[in-house]
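Visitor: Please take me closely through a single part of this structure, and then set that part beside some others in the chain.

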Amino acid sequence: MLAFGLAIFSGAFLLFLIQPLMAKFILPWFGGTPAVWTTCMLFFQAGLLVGYAYAHALTRLLPPRRQVIIHLVVLALAVIFARIIPPDTWQPANGAAPTGRILLLLLSCLGLPYVALAATSPLLQAWFNQAHPGVSPYRLYSLSNAGSLLALLAFPFVLEPHLTRQSQAAAWKWGLIFFAVCVALGGWRVWKAQAALLPLSNSGPTPDASPTPGPETAPASPAESLEQPRDPRWLWLALPACSTALLLAITNRLCHDIAVIPFLWVLPLGLYLVSYILCFDSPRWYVRALWLPLLVLALLAAAGNLIGERVNLPSGWFLWPLRQALEWAANLTLFKAIALYLGVLFCCCMVCHGELHRLRPPAGRLTTFYLWAAAGGTLGGLLVAVVAPAVFRGYYELHLTLWLTGVLAAVAVLGWPGGSPSRWRNWLAWPAAAAALAFLAAGLGADILQSTRAARTVQRNFYGVLKVKEYSVDDPQWHKVTLLHGTTTHGLQYVSEEKRWLPTSYYIGSSGVGMVMQYHPRREQRRVGVVGLGTGSMAAWGRPGDYFKFYEINPAVVALARREFTYLSHCPAQVDIALGDARLSLEREPPQAFDVLVLDAFNSDAIPAHLLTREAFGVYLRHLRAGGVLAVHISNKYLNLEPVVRAAARHYQLHAALVRNSEETTAAEDPTRDDFYHSDWLLLAREPDLLATGAIAAAAAEAPPDAPLLEWTDDRSDLFRVLVLEDDGWLAAVRRWLLPDTR
């Protein structure tokens with residue numbers, strides 16, 4: 001049993017380890033956006049479906065010896081053609097929607113190995129039945145579950161902090177070879193068993209050896225047959241589709257609220273996996289009397305957090321508990337909101353997977369059941385990764401999947417056409433469920449309508465949701481237009497002729513970059529590079545004879561900056577825009593001899609970490625001429641990026657000055673202005689002259705001698721260390737224990 005156990009354990013470990021590893025490899029190429037992980041998950045779900053279909057066909061159509069030969073050939077080819085480090089030829093050349101390119105890249109590098117790994121558990125369980133007739137193979141399920149969970153926990157806490165990406169890729173490749181050897185040993189046992197036993201039918205193994213959806217689960221016993229007379233195949237498809245879509249939608253929300261880090265990838269995926277394990281391990285884990293009330297509370301809590309304070313309930317003492325619950329959910333701190341959404345995900349997945357387990361057919365139709373479930377997972381990934389960005393103007397798939405979870409739970413519990421529910425369920429429970437679902441739909445719909453209200457335009461693509469909003473429309477003096485990416489403002493501009501040329505938001509004269517533009521010794525024919533376009537506000541500092549070059553990955557931002565704002569069109573300087581990832585563009589270009597290079601891509605909720613590595617700063621310095629200044633905008637609600645930038649400055653022996661510009665400071669200078677935001681700029685230069693004297697030196701904050709430094713490289717960048725925790729409680733203690741500070 002050792003060979004089979006090692007093969008199934010190592011196969012599950014490698015299958016779940018490659019997901020965050022490969023996603024992190026390609027994340028820098030596509031702007032560090034959360035949609036990269038969503039697209040990767042679509043590929044992994046589709047690969048799982050293909051693997052299950054391959055195992056199903058192999059065990060049903062061929063005798064055991066031919067199964068062994070074919071699968072060992074497939075594994076040998078998988079080992080030969082597996083490419084964990086994708087070639088540079090797959091790097092995108094521009095900012096076009098990269099979903100198709102990511103899927104083709106993953107197919108080229110991982111297609112065959114992933115399918116071979118996905119087929120492992122059902123195929124080896126069938127082989128185990130052939131090699132050890134009369135011995136139950138179901139103890140192997142626990143090994144597979146342990147391998148999957150161990151991989152998900154090991155990546156963010158063990159592998160990512162301590163091993164380079166190349167080391168991780170090499171270890172995974174050796175693990176694949178070890179897995180292939182274990183499978184070969186299992187195949188050899190099957191070969192020997194066939195020589196000792198009577199020839200088996202070419203129809204394959206008994207129905208007990210069946211593929212399983214996602215986590216490995218024991219099949220139903222005859223005593224656990226369905227209560228319903230017909231196979232509800234549409235529910236076999238819809239329930240896993242809903243749980244998968246909810247997994248990706250909640251992961252998207254977490255990554256957009258904080259950062260695109262593997263920790264926030266694997267934690268929801270781990271809870272999703274645990275719910276599958278519990279529900280299919282034993283009926284005792286999913287008890288409707290417990291999980292259905294929890295589902296109701298979870299849906300209300302999630303809706304309350306989404307709706308916020310925008311819905312006013314009628315007065316009345318009977319609605320007081322609901323009003324209090326909505327108020328509590330709307331005012332959660334960041335990490336409490338993360339805990340809330342993870343709890344919501346787990347409750348919803350427990351109900352979806354618990355009802356899926358209750359609807360499983362007798363053993364003779366298990367393979368069909370599992371294939372439908374795997375197809376449902378792929379459908380859910382397709383909805384979030386492809387359909388939602390094309391159809392929805394915002395991240396409304398979360399609203400939709402929350403409501404659909406309630407609908408499917410009601411249908412699965414109360415019955416559906418063709419089923420045989422009891423009469424009281426039809427006449428009493430359905431009206432109550434319909435009223436609750438209508439109330440939930442009204443609340444979620446109100447949030448969707450409110451999110452687009454007062455917006456001149458709303459656009460969504462692979463890189464996120466962009467909104468252009470107007471304020472003070474009735475006051476010509478203060479009428480202004482803003483650009484928002486998610487919840488983060490990326491610049492504003494006044495509409496009136498006399499004020500539309502003012503540098504605003506993070507770029508006013510008292511900001512760090514404003515001081516650089518005012519006091520830089522080069523006064524004429526300045527060359528300025530800007531990473532991150534936004535509204536084009538930096539162009540307000542342009543003068544005749546200057547040259548400004550903006551680097552922007554999102555083509556929608558370029559279109560909005562040109563159509564809704566006038567900074568670019570009326571700038572007296574020459575303005576160019578390079579479409580695509582800024583680092584890739586700078587790596588391809590000859591030295592640009594910039595006097596000022598502005599890095600303004602880190603104030604969003606999800607930051608491109610690859611632009612802050614040691615290697616990235618080497619690229620930036622190649623494009624700075626003597627006397628040039630690198631201005632890094634490090635304002636961020638959830639991440640403390642100062643230790644990362646200071647570590648890069650120390651590595652390249654740069655002089656640094658931190659300029660903090662607060663609302664209070666600027667308001668004290670000019671109480672009439674309301675067009676500025678708090679900003680932290682870290683200014684770096686090879687020569688100390690500009691930073692050590694004059695207004696910049698006077699405004700710079702002194703760094704404490706024991707200020708922490710955290711160097712990121714292309715192989716190691718750990719955002720978990722720089723999370724800004726709201727207090728010094730248990731979460732900070734856990735982080736210090738897992739990831740001690742480095743200097």
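Guide: Two strands pair if DSSP finds at least two bridges between them. Strands (E, at least two residues) and helices (H or I, at least four) are DSSP runs, numbered from the N terminus. The model is a predicted one, in which local features need pLDDT of at least 70 and side-chain atom pairs count only at pLDDT 80 or more, while totals for chains, interfaces and linings use all residues. Residues are numbered from 1 along each chain as its sequence is written, and side-chain values use heavy atoms, with hydrogens and water left out.

The part chosen is strand E3, residues 480-485. Strand E2 (residues 464-471) runs antiparallel to E3 and is joined to it by six bridges. Strand E4 (residues 488-494) also pairs with E3 in the antiparallel sense, here over five bridges. Lys480 of E3 stands opposite Tyr471, and Lys480 also stands opposite Tyr494 in E4. E3 and E4 form a hairpin with two residues between them, and in its turn Gly486 has a positive phi of about 70°. Five of the six residues of E3 are buried (under 20% relative accessible area with a 1.4 Å probe, protein chains only), so the strand is largely enclosed by the rest of the structure.

Helix H14 (residues 397-414) may be set beside this strand. Of its 18 residues, 15 are buried, so H14 too is largely enclosed by the rest of the structure. From first C-alpha to last, H14 reaches 25 Å, close to the 26 Å expected (1.5 Å times one less than the number of residues). Gly415, just after H14, takes a positive phi of about 115°.

A further place to inspect is His623, in the loop between helix H19 (614-622) and strand E9 (624-633). His623 counts as buried because its relative accessibility is 0%. Its side chain reaches the backbone nitrogen of Gln592 at 3.1 Å. Beyond its neighbours within four places in sequence, His623 is in contact (heavy atoms within 4.5 Å) with Leu586, Glu589, Pro590, Pro591, Gln592, Ala593 and Phe594.

Finally, the largest nonpolar core has 172 residues, with Leu612 and Val632 having the most contacts inside it. Helix H12 (residues 334-358) gives the most to this core, with 15 residues. Such a core is a set of buried Ala, Val, Leu, Ile, Met, Phe, Trp, Tyr and Cys residues joined through side-chain atoms within 4.5 Å. Leaving aside neighbours within four places in sequence, the contacts of Leu612 include Val632, Phe602 and Trp712.

Technical notes. Buried means under 20% relative accessible area, exposed over 50%, partly exposed in between (1.4 Å probe, protein chains only). A polar contact is a pair of N or O atoms within 3.5 Å; within protein, one must be able to donate a hydrogen and the other to accept it, and residues adjacent in sequence count only if both atoms are side-chain atoms.
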